[in-house]
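Subject: Structure handover

Hello,

Here is the structure you are taking over. My notes on it follow below.

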Amino acid sequence: MIQEKRIINNILTITIVAVVVSTIGLATMLSSDLRTVNAAGSVKITVHAGGGNSTSPLTAFVPQQVRIGIGQSVTWYNPSVVAEPHTVSFVLDNKTATDIVSPFSVPNSTQFSSIPPGANSEPLKVPGKNNIVIAVNARSYVPTIIDSQGNARHLPPPTAAYTMTGNEKYVNSGWLIPKGQEKAFPGSSNTFTVTFQKAGTYRYLCQLHPWMLGSVVVK
Ligand SMILES: [Cu+2]
């Protein structure tokens, strides 16, 4: 009887310790970023956009929040082992909220080629007089900046870098794909680096998984 009690107590103790350790582990994972110092002495801060594998994908930014100084940069990359895309999207003006799909009418073009060539796909066509609908939104897919005046421009993938003044309306990484898996999404990006010039809290989300939220606190 005493022996049984001892065994049960031991199991309880081990369980409690395991729960505490895994909770601390998760909290550490979500709060500590990857900081490395390069040869020149500057600090490189990295945040994972997603992760996991095909059976257990992680749709979160790790860590969810980073704290940096003015003039420092953060680099996001996608460490997944499968080609699951994510975006790092700062919607700094609510009017620039957007979606990954965006129909366009193209009345004067009839030439569309599937990407990759020979893929089992075609543009979504809506019946209408000489109209064709294109579903993918370039301002989600390609690294895109909308400045304070509302002018949009694209940055070249796959390793776009941008210095944020803090006056922009929209700063988006485009679709981030693990390096080597671009074939699944040609023209997508691998990394996105933002240098922050103004103090503040910058919240961002993934347009493909809107529950993926993160923030950069600049002081
Ligand atoms: Cu995502």
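Where does Gly-187 lie? Gly-187 is in the loop that runs between β12 and β13. Please keep in mind throughout that this is a predicted model.

Gly-187 has 14 other C-beta atoms within 10 Å, so it counts as partly exposed. The cut-offs behind that word are 20 or more such atoms for a buried residue and 12 or fewer for an exposed one. Pro-158 is 29 residues away from Gly-187 along the chain, and the two C-alpha atoms are separated by 7.2 Å.

Confidence and overall make-up

The mean pLDDT of the protein is 80, and 68% of the residues reach 70 or more. Residues 11-31 have a pLDDT below 50, and beyond near neighbours in sequence this stretch makes five contacts in the model.

The protein has 219 residues, of which 24% count as buried. Its secondary structure consists of 15 strands and two helices. Among contacts with a separation of 6 or more, 65% are between residues 24 or more positions apart.

The nonpolar core

Which residues touch the most other members of the largest nonpolar core? They are Ala-49, Trp-76 and Leu-176, in a core of 29 residues. Several strands each supply at least two residues of this core, including β2 (43-52), β3 (57-62) and β5 (73-77). Further along the chain, β11 (159-164), β12 (170-172), β13 (191-196), β14 (200-205) and β15 (213-218) do so too. As background, nonpolar side chains tend to be buried together in soluble globular proteins.

Leu-176 has a list of contacts beyond its neighbours within four places in sequence. Among them are Ala-49 and Trp-76, the two residues named with Leu-176 above. The list also includes Tyr-77, Asn-78, Pro-85, His-86, Thr-87 and Val-88. Ser-189, Asn-190 and Phe-192 are in contact with Leu-176 as well.

Strand pairing around β2

Strand β2 pairs with β1, β3 and β5, taken in turn here.

- β1 covers residues 34-37 and runs antiparallel to β2, with four bridges joining them. Arg-35 stands opposite Ile-45 of β2.
- β3 is also antiparallel to β2, again over four bridges. A hairpin of four residues connects β2 to β3, and Ala-49 stands opposite Phe-61 in β3.
- β5 runs parallel to β2, and four bridges join the two. Val-47 has Trp-76 in β5 as its bridge partner.

Ala-49 and Trp-76 therefore turn up twice in these notes, in the core and in the pairing of strands.Two residues of β3

Leu-58 is in strand β3. Is Leu-58 buried or partly exposed? Leu-58 counts as partly exposed because it has 17 C-beta neighbours inside 10 Å, where a buried residue would need 20 or more. Leaving out residues up to four places away in sequence, Leu-58 touches Gly-50, Gly-51 and Gly-52. Pro-79 is 21 residues from Leu-58 in sequence, and their C-alpha atoms are 9.9 Å apart.

Val-62 is found in β3 too. Val-62 has 19 other C-beta atoms within 10 Å, so it is classed as partly exposed. The C-alpha atoms of Val-62 and Gly-50 are separated by 7.5 Å, with their positions twelve residues apart along the chain.

Cis peptide bonds

A cis peptide bond joins Val-62 to Pro-63, with omega at about -5°. Pro-63 belongs to the loop between β3 and β4 (65-68).

The peptide bond from Pro-157 to Pro-158 is cis as well, and its omega is near 5°. Pro-158 sits in the loop between β10 (152-154) and β11. This is the Pro-158 whose C-alpha atom is 7.2 Å from that of Gly-187.

The loop between β4 and β5

Gly-69 lies in the loop between β4 and β5. Why does Gly-69 count as exposed? Gly-69 has 10 C-beta neighbours inside 10 Å, and a residue with 12 or fewer is exposed. Gly-69 and Ala-199 are 130 residues apart along the chain, and their C-alpha atoms are separated by 8.0 Å.

Regards

Note on methods. Residues numbered from 1 in each chain as written. Contact = placed C-beta atoms within 7 Å. Core = buried A, V, L, I, M, F, W, Y, C linked by C-beta atoms within 7 Å. pLDDT = per-residue confidence, 0-100. Pairing = 2+ DSSP bridges.
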